[in-house]
Amino acid sequence: MLDVSIENSPLNQQLLNTIDWNIVETEFNPTKLHHQETVFTLSNGYLGTRGTFEEGYPNNSAATLIHGVYDDVEIAYTELVNCPNWLPLVVIVAGDRFSMNSGEIINYERRLDLRLGIVSRDVRWRSPKGHTLDFHFERFTSLADRHVLAIRCQITSIDFEGDIVVEAGFDAKPDTQGMGHWRTINQGGIDRIIWLQNQTLRSGIQLGMAAKLVVEGDDTATICIENATVSPTLATNFQSFPGKTITVEKIVTLFTSRDVEIPIAAAIQRLADEPRYTTLLAAHIAAWDRVWQDSDIIIEGDRQAQLSVRYNLFQLLAVAPRHDNRVSIPPKTLSGFAYRGHIFWDTEIFILPLLTFTQPDVARNLLTYRYHSLPAARRKAQEAGYQGAMFAWESATTGDEVTPRWVPDANGGLVRIWCGDIEVHITADVAYAVWHYWQIADDDEWMRDYGAEIILDTAVFWQSRVQWNEERHSYDILDVIGPDENHDRVNNNAFTNLMVQWHLQSALALCDWLQQAYPETWVQLVQKLNLTPERLHRWTEIQERLFVNQDAETGLIEQFEGFFQLEHVNLADYEPRTKSLQGLLGIEATSQKQILKQPDVLMLLYLLRQRYDHQTLASNWDYYTQRTDHTYGSSLGPAIHAILACDLNQPNQAYNHFLRAALVDLEDVRSNAAEGIHAASAGGVWQAVVFGFGGVRMTQFGPIACPNLPPSWKRLQFRLQWHNEWYEFDLRQETEMVMGKEVSTVQLTDDRQSPQRKEPPHSAGS
């Protein structure tokens with residue numbers, strides 16, 4: 001059972017008062033094994049390790065994934081590979097190996113401390129021979145030193161007297177969903193250290209890993225190395241008796257050739273210099289404390305919301321690359337194999353706002369990844385017959401397109417996947433993220449050196465992608481897929497067209513700014529990208545005449561040409577169900593109906609919310625919400641629905657959509673959390689709280705709040721950084737009597753930490 005109501009207990013007082021910071025599992029259920037492995041994932045911005053048990057479990061899905069460690073694979077081109085497992089730690093009591101599926105589990109609790117970044121497990125176990133012991137396992141992936149991993153196991157005898165053996169090693173060659181990616185170059189052990197040197201089979205990335213054991217509580221315990229040349233293992237044995245506690249620490253260091261030239265040498269050297277577990281843990285906790293100071297959200301009055309919000313924040317803050325600008329965040333973070341670790345628009349549109357407003361250095365890393373992939377984006381555009389830069393729908397190391405063109409279906413046939421060819425809105429999405437990072441962080445130098453080239457060369461692409469429609473004297477964008485992937489190969493998708501319009505308008509404003517602020521850079525980009533006056537004039541013309549079918553009176557926008565002619569169905573007729581409507585009806589049948597995986601138009605109205613009035617939002621909300629598969633469609637939708645429901649003053653709907661997003665992994669509401677964390681939904685949860693319930697709007701003078709708190713929330717507190725200044729928002733809801741009735745009011749405290757502010761140099765965009 002997973003406890004998301006968070007009752008306080010003595011364990012919460014360990015190190016810090018951690019009430020509302022703990023995910024607690026009080027009953028082990030093997031049928032939820034893979035779901036819980038996802039929930040208890042730990043990451044540190046360099047790697048992520050799923051929440052499998054140190055001693056293993058039958059049919060578990062153990063995985064350690066490292067940012068940027070890809071290897072070639074059929075169909076999907078390349079995939080993030082399952083790296084050697086650093087967890088194995090086995091305890092043998094009088095010949096019985098401790099395991100959750102042997103003997104008797106008398107008491108059990110597993111805990112993820114979000115504040116400290118620690119997973120712990122307490123088990124009282126009676127062995128098959130009848131011996132009773134208490135085990136306390138604890139581990140972390142260091143946020144202070146991304147190359148350091150650590151486990152501590154405390155063993156206390158209740159009634160056993162005799163010999164205990166502890167063995168620690170590596171799983172050298174794990175598979176990735178049945179695919180092998182590693183060969184072992186060398187392995188061994190010397191002077192109480194074991195080490196492993198591996199290399200990926202095709203991409204040639206080397207990995208070096210080393211480990212040592214420290215035993216505390218028994219001066220007679222010895223440590224030896226077994227199977228040094230085959231499968232090196234550290235082993236220690238000691239005598240136990242009732243009441244005696246022994247602590248065994250396993251410290252691991254890990255490097256790849258993406259970090260250093262000789263990773264095995266770096267791992268061994270770093271391990272030799274590492275201090276004890278407690279010292280490493282203290283540095284790790286201090287690092288997490290610094291992150292939480294800037295990114296925490298406090299919710300009073302609703303513990304379920306408080307814990308679930310912190311959980312979603314934790315998984316994103318943990319996986320965000322702090323020291324590498326050549327990687328990005330996959331849709332399943334580093335917690336699972338789905339989507340093969342490829343990078344989508346999820347990062348720019350859903351995850352980046354949290355980081356831009358609270359961890360701008362990390363946001364800059366993620367956007368710089370897109371800059372490094374510009375050569376690949378240019379290759380993709382050229383291969384498709386276009387100009388400029390066209391970002392891949394799915395990318396990996398280089399940024400080249402890695403979306404599979406064909407995938408096998410259940411019957412062994414092949415299904416054509418068009419996303420990599422025509423889901424082109426990602427090119428505008430990246431530009432949108434670049435622009436808004438600049439607006440918020442006020443990072444003129446990064447925009448000059450990196451961001452400007454991204455926005456301008458992708459604008460060149462759009463010029464070559466549009467087509468002139470002589471009949472209605474407009475520009476069309478034909479044969480695309482919008483965010484609603486239930487309908488592919490459509491014309492004039494409103495989301496795509498209006499984001500392109502915004503993109504070209506912003507590119508033109510950027511040109512003006514560059515000419516004034518950095519004329520030398522402007523001249524260089526003019527030459528490099530061929531930004532002639534004729535080209536800029538064409539951009540102006542295109543953005544003025546892009547076709548969008550919008551009712552002038554109601555503001556209703558047609559999702560794409562012909563959508564209004566598709567069959568309307570009552571989604572309630574298909575309830576109850578446990579799968580998506582596309583899964584029930586099939587791909588072809590769904591495409592002929594007004595059934596949305598994700599409502600394009602509503603997503604657009606959110607991203608460009610300052611451009612549209614209340615009536616336009618209300619008209620489109622009323623039309624598209626009832627046509628959306630909220631429960632089993634896209635996990636990207638509910639958080640955005642929560643924000644728009646707040647804008648429409650529909651608090652109950654807003655809160656229901658919010659919970660659907662916030663609990664997607666903790667409660668497995670879509671029955672697919674076993675595949676990994678829903679990263680985009682997690683980023684959307686932050687946006688739902690800040691921009692929805694907090695009502696934050698951006699002005700030229702900074703962020704302001706127009707809150708619309710759920711009735712149960714007594715307080716909402718968070719902070720945002722804008723133009724290098726921190727803004728503290730403390731929103732409190734109080735109930736007062738007005739004419740004999742209770743009325744809730746919200747008090748806003750906006751504490752700007754610095755009185756120094758300057759006018760923004762940027763004027764265009766929303």
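This section describes an annotated domain, aromatic contacts, a helix pair and selected residues of a predicted model.

The UniProt record, an unreviewed entry, places the feature "domain: Glycoside hydrolase family 65 central catalytic" at residues 310-687. Over residues 310-687, helix accounts for 52% of the chain and strand for 3%. The C-alpha atoms at the two ends of this stretch are 13 Å apart.

Aromatic pairs number 43 in the structure. One of them joins Trp21 and Trp292 in an edge-to-face arrangement, with 4.9 Å from centre to centre and 80° between the planes. Trp21 belongs to the loop between strand 1 (2-3) and strand 2 (22-25), whereas Trp292 belongs to helix 3 (residues 277-295), so the pair ties together parts that are 271 residues apart in sequence. Trp21 has a relative accessible area of 6% and is therefore buried, the cut-off being under 20%. Trp292 is also buried, at 4% relative accessibility. Another edge-to-face pair is formed by Tyr623 and Tyr624, whose ring centres are 5.0 Å apart and whose planes stand at 75°. Both Tyr623 and Tyr624 are buried.

Aromatic residues also form a cluster, made up of Tyr339, Phe344, Trp345, Phe350, Trp393 and Phe495. Charged side chains are found over aromatic rings as well. Arg416 places its charged end over the ring of Trp418, at 4.0 Å from the ring centre. In the case of Arg719, the charged end sits over the ring of Trp726, and the distance to the ring centre is 4.2 Å.

Helix packing is illustrated by helix 7 (residues 374-383) and helix 10 (residues 444-465), whose axes come within 11 Å and cross at roughly 0°. Helix 7 is therefore roughly parallel to helix 10, since angles under 35 degrees count as such. On the side of helix 7, Leu374, Arg378 and Ala381 make the contact. The residues of helix 10 that take part are Glu453, Ile454, Asp457 and Phe461.

Under "binding site", the unreviewed UniProt entry lists Trp345, Asp346, Lys597 and Gln598. Of these, Trp345 is also a member of the aromatic cluster described above. Lys597 is located in the loop between helix 15 (587-591) and helix 16 (600-607), and the loop between helix 15 and helix 16 also holds Gln598. Lys597 has a relative accessibility of 26% and counts as partly exposed, whereas Gln598, at 3%, counts as buried. Apart from neighbours within four places in sequence, Lys597 is in contact with Asp484, Glu485, Asn486, Asp629, Gly633 and Ser634. With residues up to four places away likewise left out, Gln598 touches Trp345, Phe350, Pro483, Asp484, Met603, Ser634 and Leu636. Asp484 and Ser634 thus appear in the contacts of both Lys597 and Gln598. The contacts of Gln598 also include Trp345, which is itself listed in the record under "binding site".

Leu514 lies in helix 11 (residues 494-517) and is buried, with 0% relative accessibility. Not counting residues up to four places away in sequence, Leu514 touches Ala452, Leu456, Pro519, Thr521, Trp522 and Leu525. Leu525 is 11 residues from Leu514 along the chain, and the C-alpha atoms of the two are separated by 9.7 Å.

Notes
Residues are numbered from 1 along each chain as its sequence is written. This is a predicted model: local features need pLDDT of at least 70, side-chain atom pairs count only at pLDDT 80 or more; totals for chains, interfaces and linings use all residues. Side-chain values use heavy atoms; hydrogens and water are left out. UniProt positions are given in the numbering used here, feature names are shortened, and annotations may be inferred rather than shown by experiment. Helices (H or I, at least four residues) and strands (E, at least two) are DSSP runs, numbered from the N terminus. Rings of Phe, Tyr and Trp (its six-membered ring) pair if their centres lie within 6.5 Å; planes under 30 degrees apart count as stacked, over 60 as edge-to-face and the rest as tilted. Buried means under 20% relative accessible area, exposed over 50%, partly exposed in between (1.4 Å probe, protein chains only). A charge sits over a ring if NZ of Lys or CZ of Arg is within 6 Å of the ring centre and within 35 degrees of the ring normal. Axes are lines fitted to C-alpha atoms, for helices over the stretch in contact, and angles run from 0 to 180 degrees between N-to-C directions. Angles under 35 degrees count as roughly parallel, over 145 as roughly antiparallel, 65 to 115 as roughly perpendicular and the rest as oblique. Contact means heavy atoms within 4.5 Å.
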